[in-house]
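Please read the points below with the model open beside you, and look up each residue as it is named. The note begins with confidence and then moves on to the overall make-up, the strands and the contacts between side chains.

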Amino acid sequence: MTLTPEGLDRRLPGDDAEALSILTAAIYDAALDRTLWPAAMGVASRFMESFSSAVYEWSRGAGGRGFIYDDGGLDPEYKALYHDRYLRLDPITSEHYQASIEESFSISDVVDPESYRKSTFYREWSGPQHIVDLLTAPMLRTGRSTVLFGAIRHERDGEVDEPMRRRMRLLAPHMRRALALTDIVGTATPRAAELEDVLDGLRTSVFLADSDGRVLHANAAGNEMLAEGDAMRTRNGRLSPSDLTAATALSRALEAAGNGTLPAGDSGHGISMTASDGGHFALHLLPLNGHDKRASAGAAAASFVQRTQATTIA
């Protein structure tokens, strides 16, 4: 299945294991291309059997980004009202910071349902939207801020049930890694050590290499690609596309990343490749050390390699 900004090109299968595999691929694709996050949230809603899914940042102090990614299921006006006014009135807000990472909770886990339905928050925010429940879990936490993923239930969906909780337990580790990765890719000078916890969850092949091209780490998909040898291979321990033009371009890009002449955070540095079997691939390079002249002592860049339908990169 292919994820585009418009969504998946087909329906999710009924089998949870198959559906989870497709969903995790979608959120990891979104981690590398933020324009895909709304579509990935839509796939999450289908998996969680909810009418909307969202990633939200809550802060105990002033600020917080509010809704970061969502699938468009929530009314934009109510989203703005939540962040500006109703966040302070939400009875479950305290649990946003108290719950452990990946520990999910529903409304009834935090507050008595009858009391909740009598609250100002329900009468003015949830009730008018016919929202009856949600299941949410903290994904990332830094200082006073927490980033949460939540799946929201409409009246037609019913309240949170055990199948929904089970799906959240399956999804949460992947969602946490994908959100961590999208934050790392978006920073100016990500560190190699920060990437290693999230790489093996990716279906995309990823390689950490030094400025000379020596492979320091490859995720599971990357090792499989190297074993096949059609698109990428190693020569004397150095990463090398089978496409000679791409190999030259990668060597120059890694050297530039190592000496700081490639702009830090330039994840858009793309190299088109043709594999020995005729398949087309795109390699995107993410510098890891910015202008640190000591980059050659460690990973200079992460290379993300994906199969494409064309020989050029937009």
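1. Confidence. This is a predicted model, and its pLDDT averages 84 over the chain, with 86% of the residues scoring at least 70. Two stretches call for caution when you read the picture. Over residues 263–268 the pLDDT is below 50, although the model gives this stretch 16 contacts beyond its near neighbours in sequence. Residues 290–297 also have a pLDDT below 50, and there the model shows 13 contacts beyond near neighbours in sequence.

2. Overall make-up. The chain holds 11 helices and 14 strands, and of its 314 residues 50% are buried. If you take the contacts with a separation of 6 or more, 59% of them are between residues 24 or more positions apart. The accessible surface of the chain is about 14,400 Å², and carbon and sulfur atoms account for 47% of that area.

3. The five-stranded sheet. In what order do the five strands of the open sheet stand? The order is β4-β3-β7-β6-β5, and the pairing is antiparallel. Strands β4 (66–70) and β5 are at the edges with a single partner strand each, so one side of each has no neighbour in the sheet. Within this sheet, 10 bridges pair β6 (residues 131–142) with β7 (residues 145–154) in the antiparallel sense. A useful place to look is alanine 137, which stands opposite phenylalanine 149 in β7. As background, strands of a sheet pair through backbone hydrogen bonds, either parallel or antiparallel.

4. Strand β14 and its partners. Strand β14 (residues 301–308) runs antiparallel to β8 (residues 205–209), and five bridges join the two. Strand β13 (residues 280–287) is also antiparallel to β14, and here eight bridges make the connection. Valine 305 in β14 is a good residue to follow from one pairing to the other: serine 205 stands opposite valine 305, and leucine 283 stands opposite valine 305 as well.

5. Salt bridges between distant parts of the sequence. The model has 12 salt bridges by the rule applied here. In general, side chains of opposite charge can pair when their charged atoms come close. One of these pairs is arginine 176 with glutamate 102, whose closest N and O atoms are 2.6 Å apart. Because arginine 176 lies in helix α8 (residues 162–185) and glutamate 102 in the loop between α4 and β5 (105–106), the pair ties together parts that are 74 residues apart in sequence. Arginine 176 is buried at a relative accessible area of 19%, whereas glutamate 102 is partly exposed at 27%.

6. A second link to helix α8. Aspartate 109 and arginine 165 form a salt bridge through their side chains, at 2.9 Å from N to O. Aspartate 109 belongs to helix α5 (residues 107–110) and arginine 165 to helix α8, so this pair ties together parts that are 56 residues apart in sequence. Are the two partners buried or partly exposed? Aspartate 109 is partly exposed, with a relative accessible area of 44%, while arginine 165 is buried, with 18%.

7. Further charged groups. The side chains of aspartate 161 and arginine 153 also meet in a salt bridge, with 3.8 Å between N and O. Aspartate 161 is partly exposed, its relative accessible area being 31%, but for arginine 153 the value is 1%, and that residue counts as buried. Elsewhere, a network of salt bridges links Asp16, Glu49, Arg166 and Arg167.

8. Threonine 93. This residue lies in helix α4, which covers residues 93–98. Why does threonine 93 count as buried? The relative accessibility of threonine 93 is 11%, and it counts as buried because that value is under the 20% limit. A polar atom of the threonine 93 side chain lies 3.0 Å from the backbone oxygen of leucine 87. If residues up to four places away in sequence are left aside, threonine 93 touches Trp58 and Leu87, and the polar pairing with leucine 87 can be examined together with these contacts.

Terms used. Residues numbered from 1 in each chain as written. Predicted model: local features only at pLDDT ≥ 70, side-chain atom pairs only at ≥ 80, totals over all residues. Heavy atoms only, no water. Helix = DSSP H or I, 4+ residues; strand = E, 2+ residues; numbered from the N terminus. Buried < 20%, exposed > 50% of the residue type's maximum accessible area, 1.4 Å probe, protein only. Polar contact = N/O pair within 3.5 Å; in protein donor to acceptor, adjacent residues only side chain to side chain. Contact = heavy atoms within 4.5 Å. pLDDT = per-residue confidence, 0-100. Pairing = 2+ DSSP bridges. Salt bridge = Lys/Arg side-chain N within 4 Å of Asp/Glu carboxyl O. Areas by Shrake-Rupley, 256 points an atom, 1.4 Å probe, with all protein chains shown as cover.
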